[in-house]
Amino acid sequence: MALSLPNLYAKGDAYGTKYFETKTKPSQLKLAFSCRARAKAALSTHSSSVEVLPGGSVDQFIDIPEEVLDVYNLWRPTPLIRAKRLEKLLDTPARIYYKYEGGSPAGSHKPNSAVPQAWYNKMESVKNVVTETGAGQWGSALSFACSLFGLNCEVWQVRASFDQKPYRKMMMQTWGAKVHPSPSDLTEAGRTILQMDPSSPGSLGIAISEAVEVAAMNADFQGSRYHGMAPLISHVYELGFMEAISIPQIECFKGAIQFARTEGLIPAPEPTHAMALSGKL
């Protein structure tokens with residue numbers, strides 16, 4: 001089965017990485033990280049009650065609250081599917097399985113984290129939650145979760161995605177969120193970037209800077225973040241029970257196309273690394 005890769009980079013990578021590499025100046029990124037650091041530092045002096053990241057626990061097991069389980073029942077459990085057609089194409093003795101999370105209201109696995117974050121914020125009597133989003137999946141998930149628990153949600157979305165993906169913005173707004181393009185003129189971090197480049201396409205780092213600044217400077221706002229690196233997977237890697245492999249981006253997208261043309265589902269960029277590796281089993 002011969003595969004031809006679509007012209008992903010005709011106008012910059014639609015997923016953001018290549019686009020930001022060519023459009024976001026190093027000086028802007030350095031400034032964004034500087035603003036983010038200053039905003040975080042302000043947390044310790046502005047209000048002891050403000051937390052940008054949810055707290056941890058030393059307990060080995062933590063029960064999932066009933067209210068969270070009730071929401072999970074809207075789409076969970078999610079199916080574990082064997083990719084038999086992909087196995088046949090690859091002519092591999094391996095059994096390949098994938099967990100399909102596209103049936104959630106927001107269309108990804110991210111409500112799994114957003115729902116309990118929103119619930120715990122409600123339990124702490126928080127009224128306003130602020131966050132950042134790139135393509136809009138996390139922003140959609142948190143907007144959905146906040147709508148269920150009566151919280152106000154404010155999202156800073158990377159400018160390029162804000163313009164390119166209007167339907168993601170509409171999803172967030174449908175769930176009641178207020179969505180801003182980042183960089184914006186509403187924060188010091190955003191204004192500084194815009195002074196340097198009024199047409200800046202933004203970046204996730206800049207959006208994080210703006211969201212953190214709002215949470216740090218307003219006692220009635222709580223910051224919320226998507227936890228992209230699974231602690232258990234990281235721990236297993238540190239213990240030496242598994243290895244991590246870096247795969248080039250183009251190879252990942254080829255794996256995604258191969259998966260889509262056998263299993264029928266068009267994957268998000270993140271799992272394409274595993275799909276590319278499956279061809280080497």
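Trainee: At about what angle does α6 run to β3?

Mentor: This is a predicted model, in which local features need pLDDT of at least 70, side-chain atom pairs count only at pLDDT 80 or more, and totals for chains, interfaces and linings use all residues. Residues are numbered from 1 along each chain as its sequence is written, and side-chain values use heavy atoms, leaving out hydrogens and water. Helices (H or I, at least four residues) and strands (E, at least two) are DSSP runs, numbered from the N terminus. α6 lies across β3 and β4, and its direction relative to β3 (axes fitted to C-alpha atoms, for helices over the stretch in contact; angles from 0 to 180 degrees between N-to-C directions) is about 160°.

Trainee: Which residue of β4 is the bridge partner of Val 130?

Mentor: β3 (residues 128-133) and β4 (residues 152-158) run parallel and are joined by 6 bridges; strands pair if DSSP finds at least two bridges between them. The partner of Val 130 in β4 is Glu 154.

Trainee: Which strands form the edges of the open sheet?

Mentor: Its 4 strands pair in parallel, in the order β5-β4-β3-β6. Pairing on one side only marks the edge strands, β5 (178-182) and β6 (221-223).

Trainee: How are α5 and α6 oriented to each other?

Mentor: α5 (residues 111-123) packs against α6 (residues 137-148) at about 40°, with the axes 8 Å apart. Under 35 degrees is roughly parallel, over 145 roughly antiparallel, 65 to 115 roughly perpendicular, and the rest oblique. The two helices are therefore oblique.

Trainee: Which residues of α6 meet α5?

Mentor: Contact means heavy atoms within 4.5 Å. Pro 111, Ser 113, Ala 114, Val 115, Gln 117 and Ala 118 of α5 meet Trp 138, Ala 141, Leu 142, Phe 144, Ala 145 and Cys 146.
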